[in-house]
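Colleague: Before I rely on any of the labels, I would like to hear how each one follows from its criterion. Could we go through them one at a time?

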Amino acid sequence: MVHGSDQTPILLSDYMGSVVCVTFSQDGSRIMSVSLDGTVQIRDSTSVLLTADFRRIMGDLSQATFSCDGTQIASVSYSGEVVLRDTRSGRRIDTTFTGHLGHVRSVAFSPDNTRIIFGSDDGSV
């Protein structure tokens with residue numbers, strides 16, 4: 001649900017599973033939502049129009065975030081996978097991070113976009 005400038009809720013119900021994460025891009029121009037069904041949607045934050053719809057990009061997503069420059073998204077899953085994608089095409093960027101023994105729950109880019117940090121249920125960062 002999105003609240004407009006007049007605080008009127010706008011219901012967005014395009015998902016097959018629970019929405020587990022929502023976030024704004026660094027510049028505030030886009031909204032990203034993440035669903036357990038593997039869907040990532042990006043919308044214009046003013047008009048709420050859908051600008052990108054990546055269906056079933058990976059199962060059991062737990063969170064995603066925009067890079068600081070807005071060109072990439074990092075998504076993490078309960079299966080322990082961390083994946084980078086191009087925000088325009090949705091294509092997977094070659095780098096995939098693995099090695100966590102537990103569910104990966106959180107992810108963030110460094111301010112200069114050169115590093116990614118993520119945290120897992122196995123207690124590792």
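Modeller: Let me begin with the ground rules: this is a predicted model, in which local features need pLDDT of at least 70 and side-chain atom pairs count only at pLDDT 80 or more, while totals for chains, interfaces and linings use all residues. Residues are numbered from 1 along each chain as its sequence is written, and side-chain values use heavy atoms, with hydrogens and water left out.

Colleague: What makes S3 and S4 paired strands?

Modeller: Strands here are DSSP runs of E with at least two residues, numbered from the N terminus, and two of them pair if DSSP finds at least two bridges between them. Five bridges join S3 to strand S4, residues 30–35, and the two run antiparallel, so the criterion of at least two bridges is met. One of the bridges sets Thr 23 against Met 32 in S4.

Colleague: Which strands are the edge strands of the sheet, and how do you know?

Modeller: The open sheet has four strands in the order S3-S4-S5-S6, with antiparallel pairing. Strand S3 (19–24) and strand S6 (50–54) are its edges, because each pairs on one side only. From one strand to the next the twist averages 15 degrees, an angle taken between N-to-C directions on a scale from 0 to 180 degrees, with axes fitted to C-alpha atoms.

Colleague: Why is Gln 41 called buried?

Modeller: Buried means under 20% relative accessible area, exposed means over 50%, and partly exposed lies in between (1.4 Å probe, protein chains only). Gln 41 has a relative accessible area of 0%, so it is buried. It lies in strand S5 and stands opposite Asp 53 in S6; four bridges join S5 (residues 40–44) to S6.

Colleague: What makes the pair Gln 41 and Arg 43 a polar contact?

Modeller: Their side chains are joined at 3.2 Å. The term requires a pair of N or O atoms within 3.5 Å, where within protein one must be able to donate a hydrogen and the other to accept it, and residues adjacent in sequence count only if both atoms are side-chain atoms.

Colleague: How is Val 48 classed, buried or exposed, and what is notable about its backbone?

Modeller: Val 48 has a relative accessible area of 9%, so it is buried. Its phi is positive, about 65 degrees, although it is not a glycine, and it sits in the turn of the hairpin formed by S5 and S6, which has five residues between the strands.

Colleague: Why is Cys 68 called partly exposed?

Modeller: Cys 68 has a relative accessible area of 23%, so it is placed in the partly exposed class. It is found in the loop between strand S7 (61–66) and strand S8 (72–77). Neighbours within four places in sequence aside, Cys 68 is in contact (heavy atoms within 4.5 Å) with residues including Phe 109 and Asn 113. Asn 113, at 25%, is also partly exposed.

Colleague: What makes the largest nonpolar core a core?

Modeller: The term denotes a set of buried Ala, Val, Leu, Ile, Met, Phe, Trp, Tyr and Cys residues joined through side-chain atoms within 4.5 Å. The largest such core has eleven residues in all, among them Cys 21, Met 32, Ile 42, Ala 52 and Phe 66. S4, S5, S6 and S7 each supply at least two of its residues, and the largest share, three residues, comes from S7. Apart from it lies another core, of eight residues, including Ala 74 and Leu 84.
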